[in-house]
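Visitor: Could you take me through the paired strands of this model with care, and then through the charged side chains elsewhere in the chain?

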Amino acid sequence: MKGWKAYLWQASVITVLLYASCTIPKHAALPPEQQIPETFSGSAADNASIATITPDKFFPDPRLRKLTALVLQQNPDMQMALQRIRTAGAYLSMSRGALLPTLDAEVRAGGTKFGKYTIDGVGNFDTNLSPNIDDDQKAPISPTPDMWVGLRTSWEIDLWGRLRNMKKAARMRFLATQQGKNLVTATLVAQTTLLYYELVALDREMEIIRENIVLQEKALEVVEAQKAGGRATELAVQQFKAQLLNTRAAAHRVRQQINAAENQLNALAGRYTGTIERGRELIPPSFPTAIEAGIPAQLLLHRPDLQQAQLELMASKADVAAARAAFFPALNISAYTAFHSFKPDLWLGAASMGYQFLGGLAAPIFQRNQIRGQFNIATAAQETAFFAYQKTALNAYSEVTTLLQEIAAGREIRQLKQQEVTALEQGVLVANDLYVTGYASYLEIVAAQKSQLEAQLQLVNTERSMMTSLITLYQSLGGGWQGE
């Protein structure tokens, strides 16, 4: 009968393990990945890309380089990105340690007063009366000391790769945080450069407005003199004065915009106040005559946000594999060796030395709903990461294509605006001459001056838009973080 009981016990254990291991969920299948086009719309295939150029060479202005270095050094977002890398590195170290055995040193000492009608109390009393033990083996009863010093170790054998996949997920997320830091770097470089050239453009607008204010003041003086001589009316004087006041108001608006841009740059640099040194050229000589965008596949190599999304997707796949492995039985090994005694004077003797070695399989049964829930969560997170990666790739391609078209159109618009400004500047000179000789009215001069100012400001806005598109394209192609 004892033999049959042993067989039944073994069969029960095997049945439990088999039950626990059945109904393991299958690997989650992701939707088919949408392939990125071979070339950008309207652009020829070319492996050369401006994204490979470091920021200090792409934007060589020494004042801008100095400002960018300050921003990257002191910006709070950069500091937070560095701390996220440290956090992910700590998680990676923890996941590596999970694959290794644990080893703990333990020392404990205590005493217990057992009740007279307890198993331990009766057992100790009865044992002390046994003729088979010597005096050293007799246990003190009131209380009974318990002293232990030794080493404990435990080790989960990673049969199904649960711990290895957890380590892989942690490593992918650590790499993702590094790409996140690169993304912050590229974003800060772009934001700093955009605000810098915004200031240059606003300075140029202010210069144009001031030049027009001087011209309008002179025109007002002329018409006032003509009124005094009876050659002009009070209406003409008021028209010239109104135009001058409007232009002065525009100067105040631009000054406020300059202040706002300077405040934003100081905030990016992690400081409250500071002088923003800047140049005068809105379109620098280094502005490329031909934009090398490369091929869309290179976005995966250069854009930190795409690489970050890809690494997060890989981490989520490892999370699913680890969650699936939790359905299988776990093999755990534990052992200890220690000096264990109930007498202080015999505690550290060789006779008090003991050890134990245990190994066992543990399979989840009643908590399988919880494990299945964790697997479903990991699966949903994996699909979310997949769609996030797809969205990032789609947005990257769309951004680059749009910006290439904007830059091409901007070149044409700039040429036309330059011609328009030249024509209107000549028109103002002609209108002034005609007015003095009586062949033009004051309204024609007012209209000519207004058109000239608007055209000059539109030219500045066109050039600013071109620089904005170029800077954004540089970032969209994956430039801005190399060499920083």
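Guide: Trp-148 has its bridge partner in β3, namely His-340, and this pair belongs to the contact between strand β2, which covers residues 144–157, and strand β3, which covers residues 330–341. The model is a predicted one, and in it these two strands run antiparallel to one another and are joined over 11 bridges. Strand β3 also pairs with strand β4, residues 353–362, again in the antiparallel sense, here over 10 bridges. Within that second pairing, Ala-335 finds its bridge partner in β4 at Phe-357.

Turning from the backbone pairing to the charged side chains, the count of salt bridges comes to 20. One of them links Glu-156 and Arg-162, with a nitrogen-to-oxygen distance of 2.9 Å. Glu-156 counts as partly exposed because its relative accessible area is 23%, and Arg-162 is likewise placed in the partly exposed class, since its relative accessibility is 24%. Elsewhere, Glu-106, Arg-108 and Arg-152 are joined into one network by salt bridges that share partners.

Another salt bridge is made by the side chains of Asp-61 and Arg-63, at 3.5 Å from N to O. The acidic partner, Asp-61, has a relative accessible area of 14% and is therefore buried, as the limit for that class is under 20%. Arg-63, by contrast, reaches 35% relative accessibility and so counts as partly exposed.

The side chains of Lys-138 and Asp-135 also meet in a salt bridge, with 3.6 Å between N and O. Here the acidic residue is exposed, as Asp-135 has a relative accessible area of 57%, a value that falls in the class defined as over 50%. Its basic partner, Lys-138, is partly exposed, with a relative accessible area of 31%.

There remains a group of basic residues at the surface, where Arg-96, Lys-168, Arg-171 and Lys-317 form a positive patch. Membership in such a patch requires over 30% relative accessible area and no salt bridge, and Lys-317, which is partly exposed, has a relative accessible area of 40%. This lysine lies in helix α9, the helix that spans residues 304–325.

Terms used:
Residues are numbered from 1 along each chain as its sequence is written. This is a predicted model: local features need pLDDT of at least 70, side-chain atom pairs count only at pLDDT 80 or more; totals for chains, interfaces and linings use all residues. Side-chain values use heavy atoms; hydrogens and water are left out. A salt bridge is a side-chain nitrogen of Lys or Arg within 4 Å of a carboxyl oxygen of Asp or Glu. Buried means under 20% relative accessible area, exposed over 50%, partly exposed in between (1.4 Å probe, protein chains only). Patches are made of residues with over 30% relative accessible area and no salt bridge: like charges are joined within 9 Å, nonpolar side chains (Val, Leu, Ile, Met, Phe, Trp, Tyr) within 5 Å. Accessible areas come from the Shrake-Rupley method with a 1.4 Å probe; for residues, only the protein chains shown count as cover. Lys and Arg count as positive and Asp and Glu as negative; His and the chain ends are not counted. The place of a charge is taken as NZ of Lys, CZ of Arg, CG of Asp or CD of Glu. Helices (H or I, at least four residues) and strands (E, at least two) are DSSP runs, numbered from the N terminus. Two strands pair if DSSP finds at least two bridges between them.
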